[in-house]
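Student: I should like to be guided through this structure by way of a few questions.

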Amino acid sequence: MSKITQLEALEILDSRGNPTIQVAATLESGAAGVAKIPSGASTGKREAVELRDGDKKRYNGKGVLKAVANVREVIAPKVKGRDYTEQSALDKVLIELDGTPNKGKLGANAILGVSLAFAHATARERGMPLYRHLAKREEYVVPLPQLNVLNGGKHADNNVDFQEFMIAPVGAPSFAEAVRAAAETFQALKGLLHKAGYSTSIGDEGGFAPELRSNEEAMELLLSAIEKAGYKAGSEIAIHLDPAASEFFEDGAYVFRKSSGERKTPDEMIALWADWIRKYPAILSLEDGLAEDDWSGWQKLTAQLGKKIQLVGDDIFVTNTSIFGEGIAKQVANSILIKLNQIGTLTETLACMDLARENGYTSVVSHRSGETDDTTIADLVVATGAGQIKTGSVCRGERVAKYNRLIEIERELGSHAVYAGRSAYERRAVAHTR
């Protein structure tokens, strides 16, 4: 039995210097767990509601004292003193207590904080790390990391329209070696940028954010950096893209406002991605290549490119089983990005990942651009066998914390750990049965 005896919340800061919420849960046994909730900049409009105060005199309206109060004054009295034998039992109470389809009453940040703090506390109570507490099998997959090394879009103040250019060390023999390959490529990229006279300042997720001549120049720089670091593009280090197309979709067209001002129809945007994939065979994954409202475009994109590369839906699915189910029925994408705070409870997140596996979709567990040093997603990706994690560059402490945690997990598991590598794109059947 896991009886909650204490539930506390604090307003803390995220990696962008904005407020977020921290929740601590203590059980009758004395076991305690803490969760710190991230915040996104490029967000899907159907995400669960992140409750903000709106008081312009505090943090420009971004304070989270209402969410903190909801934990202390609304949630705590309802859940303290009750036994929860399963995570789903607590999460069901939280969902019903809010009573809205988007968690707009109590706030997804408040609800998720309680959900995850309880998960950490119950893992402590059982005397095991979170990934073991959540997992159902003894074979563990340590994920292929997607590292954002060049930033544009909403994640950087530059002239690059596409939000994330990522490297993925598919040929590494282990996660630790994957991180080494990524770090060496990151440093090689820094040297190339410096030599070319470009800025080496970084964006929200630790990637470089230079002013470039074109979006395509970012691709050329990545390929050069991979070669300079001594690796082969495609076979050893793949390229993943997240243009976050919803952010430049206006009145049915894709508008490159940060660079050329060019406008493209959905069909022209699909043609652009098809051309890039032909020209750059190292591209193995494309996330949010079209906008969240462009469902017909997504169907065409999937029909044309879905058998060639991984097509990841983020804004279009927002970790919501109902919306994702619609996408599956319409044959949209072949992979889903998983963000805990898009839906608001651990149980709902796991259900969405189960739905992906059952329908032959891969899952990519993801951070947010406004992060904390919380490493929950590192344990989550191992526990579920998802095989892929996206958590920023090998720069900035809140990003590196997740990689360091995964290095620890891999060493702890020893022979029980399998590094996903290139097989991450086909890990659907390996994910743990829940």
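The following exchange treats confidence, a sheet and a helix pair.

Tutor: This is a predicted model, in which local features need pLDDT of at least 70 and side-chain atom pairs count only at pLDDT 80 or more, while totals for chains, interfaces and linings use all residues. Residues are numbered from 1 along each chain as its sequence is written, and side-chain values use heavy atoms, with hydrogens and water left out.

Student: What is the mean pLDDT of the protein?

Tutor: pLDDT is the predictor's confidence in each residue, from 0 to 100. It stays under 50 over residues 429-434. Across the protein, 97% of residues reach 70 or more, and the mean pLDDT is 95.

Student: Which are the edge strands of the open sheet of three strands?

Tutor: Strands are DSSP runs of E with at least two residues, and helices are runs of H or I with at least four, numbered from the N terminus. Two strands pair if DSSP finds at least two bridges between them. The order is β1-β2-β3, with antiparallel pairing. The strands that pair on one side only are β1 (4-13) and β3 (32-36).

Student: How is helix α5 oriented relative to α13?

Tutor: Angles run from 0 to 180 degrees between N-to-C directions, with axes fitted to C-alpha atoms, for helices over the stretch in contact (heavy atoms within 4.5 Å). Helix α5 (residues 175-195) and helix α13 (residues 397-413) pack at about 150°, with axes 9 Å apart. Angles over 145 degrees count as roughly antiparallel, under 35 as roughly parallel, 65 to 115 as roughly perpendicular and the rest as oblique. Therefore α5 is, with respect to α13, roughly antiparallel.
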